[in-house]
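Colleague: Could you take me closely through one part of this model, the nonpolar patch on its surface, and then set that part against the rest of the chain? I would like one connected account.

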Amino acid sequence: MGFLTFAAAGGGLILMGAYEAISTSIQIPDQDSTPSSPPSSQSSNSRTQTSIQPRTSSIYYLAASVISLLFVLNSLVSFFDANDASDRVGSALQLQVIAIASLFLLYAIAGLLVNFTNSTMPCSLLSLVGLFAFIEEFLLFYLRKKDNSGIENRYFDMLLVPIAVCIFSTMLEFNNPKSNYPKLARGVGLLLQGTWFLQMGISLYTNLIAHGCSLHEKSRGNYTVKCKGHPEYHRARAIVTLQFNCHLALLVILVVGVYSIIGKKTGGRGDVSSYKPLGAERHQFDNQSQFTLDSEDDDVDEEITEEGNLAIQKAGEVELGMNGYGSHK
């Protein structure tokens with residue numbers, strides 16, 4: 001396929017993922033801060049969001065359609081090259097890639113039609129097409145093991161992680177299609193896919209390939225990376241794992257940093273009107289904490305004292321009657 005093919009695919013996925021992640025991260029603070037704004041500003045914000053949202057999604061779907069179309073054209077070229085080289089495995093692989101790229105192209109075209117024609121297609125149906133496309137991509141790289149000892153299989157195994165993130169985020173979009181958090185996760189997954197495609201192109205088609213390993217091509221789309229011996233295979237697999245960990249750590253740092261900067265600039269502090277000062281809550285608690293406990297012993301003591309007073313009162317009345325000072329009936 002060549003380094004330029006991997007570079008173009010990686011660059012396109014990076015642009016798509018960065019666009020979706022940044023656009024959704026900008027909209028998330030605005031959604032959190034809208035309840036504290038007056039009704040007039042809420043209506044104006046809703047109008048601007050409804051007018052901006054189709055434009056942003058149209059750009060995303062347009063980029064997806066261009067990248068999918070490039071994948072289809074590249075796979076067609078590789079398919080004819082495999083036929084000329086009598087490589088049946090290579091031609092079969094390119095047919096699989098064409099099918100997956102066509103499904104992504106259908107997803108992008110359907111999204112463009114929904115945005116430009118204001119169609120009544122439900123969002124769940126559009127997400128379902130994208131989910132099927134990501135699942136087919138996952139199965140392609142999971143089952144693509146022509147040579148079990150090839151180092152390229154390790155690269156494909158690492159690629160399953162960002163694809164799984166895209167599948168999981170698209171599934172979450174079914175429950176809450178208006179939420180931006182699944183789109184943010186999918187953007188991060190597309191970013192990691194793009195950077196890893198670039199890493200694959202650099203590691204397989206340049207001089208930066210692992211020492212002791214070399215690339216063997218039967219056709220344009222059918223290739224494998226073989227090493228001299230077991231130590232070289234073990235070292236090459238370890239290098240692939242280390243490269244992926246570096247990509248993942250760099251992406252996490254980049255996403256957290258950019259998201260914090262955007263959140264600070266947009267002023268996404270949430271609904272602060274529902275919070276109360278800590279001093280007022282503490283003062284209210286102190287007022288409520290002044291109470292007394294009445295035990296059963298106190299009730300018993302009160303009953304005893306009342307009975308004693310009655311006995312003394314009766315004894316006084318009897319004594320007064322005996323001395324002749326009592327009342328006579």
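Modeller: The patch is formed by L62, V66, L69, L70, L73, L76 and F80, and the nonpolar surface that these residues make comes to about 630 Å². The model is a predicted one, and the area, like the other values below, should be read as computed from that prediction. Of the patch residues, L76 can be placed in helix 2, the element that runs over residues 39–84. With a relative accessibility of 33%, L76 counts as partly exposed, because that class covers the values between the buried limit of 20% and the exposed limit of 50%. For the protein as a whole, the exposed area is about 20100 Å², and carbon and sulfur atoms supply 64% of it; buried residues, for their part, account for 38% of the 329 residues.

From the patch one can turn to helix 3, and a useful residue to start from is Q94, which lies in that helix. Q94 has a relative accessible area of 2% and is therefore buried, the limit being under 20%. Once residues up to four places away in sequence are set aside, the residues that Q94 touches are S75, S78, F79 and G221. Helix 3 itself covers residues 88–117, and its N-terminal end is capped by D87. In that cap, a side-chain oxygen of D87 lies 3.4 Å from the backbone nitrogen of V89. The length of helix 3 can also be checked: at 1.5 Å a residue its 30 residues should span 44 Å, and because the C-alpha atoms at its ends are 43 Å apart, the expected and the modelled spans agree.

A further residue to consider is F132, whose place is in helix 4, residues 123–143. F132 has a relative accessibility of 44%, so it counts as partly exposed. Its C-alpha atom is separated by 9.1 Å from that of I100, a residue 32 positions away along the chain.

The charged pairs give another view of how the chain is arranged, and the structure holds two salt bridges. In one of them the side chains of E20 and R186 meet, with an N to O distance of 3.0 Å. This pair links distant parts of the chain, since E20 belongs to helix 1 (residues 3–33) and R186 to helix 6 (residues 181–205), and the two residues are 166 residues apart. Both E20 and R186 are buried. In the other salt bridge the side chains of E173 and R186 meet at 2.8 Å, again N to O. E173 lies in helix 5 (residues 152–175) and R186 in helix 6, so this pair ties together parts that are 13 residues apart in sequence. E173 and R186 are both buried as well, and E20, E173 and R186 are linked in a network of salt bridges.

As for the fold around these details, the secondary structure comes to nine helices and two strands, and read along the sequence the order is α-α-α-α-α-α-β-β-α-α-α. Among the contacts between residues at least 6 apart in sequence, 74% join residues that are at least 24 apart.

Notes. Residues are numbered from 1 along each chain as its sequence is written. This is a predicted model: local features need pLDDT of at least 70, side-chain atom pairs count only at pLDDT 80 or more; totals for chains, interfaces and linings use all residues. Side-chain values use heavy atoms; hydrogens and water are left out. A salt bridge is a side-chain nitrogen of Lys or Arg within 4 Å of a carboxyl oxygen of Asp or Glu. Helices (H or I, at least four residues) and strands (E, at least two) are DSSP runs, numbered from the N terminus. Buried means under 20% relative accessible area, exposed over 50%, partly exposed in between (1.4 Å probe, protein chains only). Contact means heavy atoms within 4.5 Å. Accessible areas come from the Shrake-Rupley method with a 1.4 Å probe; for residues, only the protein chains shown count as cover. The expected span of a helix is 1.5 Å times one less than its number of residues. A polar contact is a pair of N or O atoms within 3.5 Å; within protein, one must be able to donate a hydrogen and the other to accept it, and residues adjacent in sequence count only if both atoms are side-chain atoms. Patches are made of residues with over 30% relative accessible area and no salt bridge: like charges are joined within 9 Å, nonpolar side chains (Val, Leu, Ile, Met, Phe, Trp, Tyr) within 5 Å.
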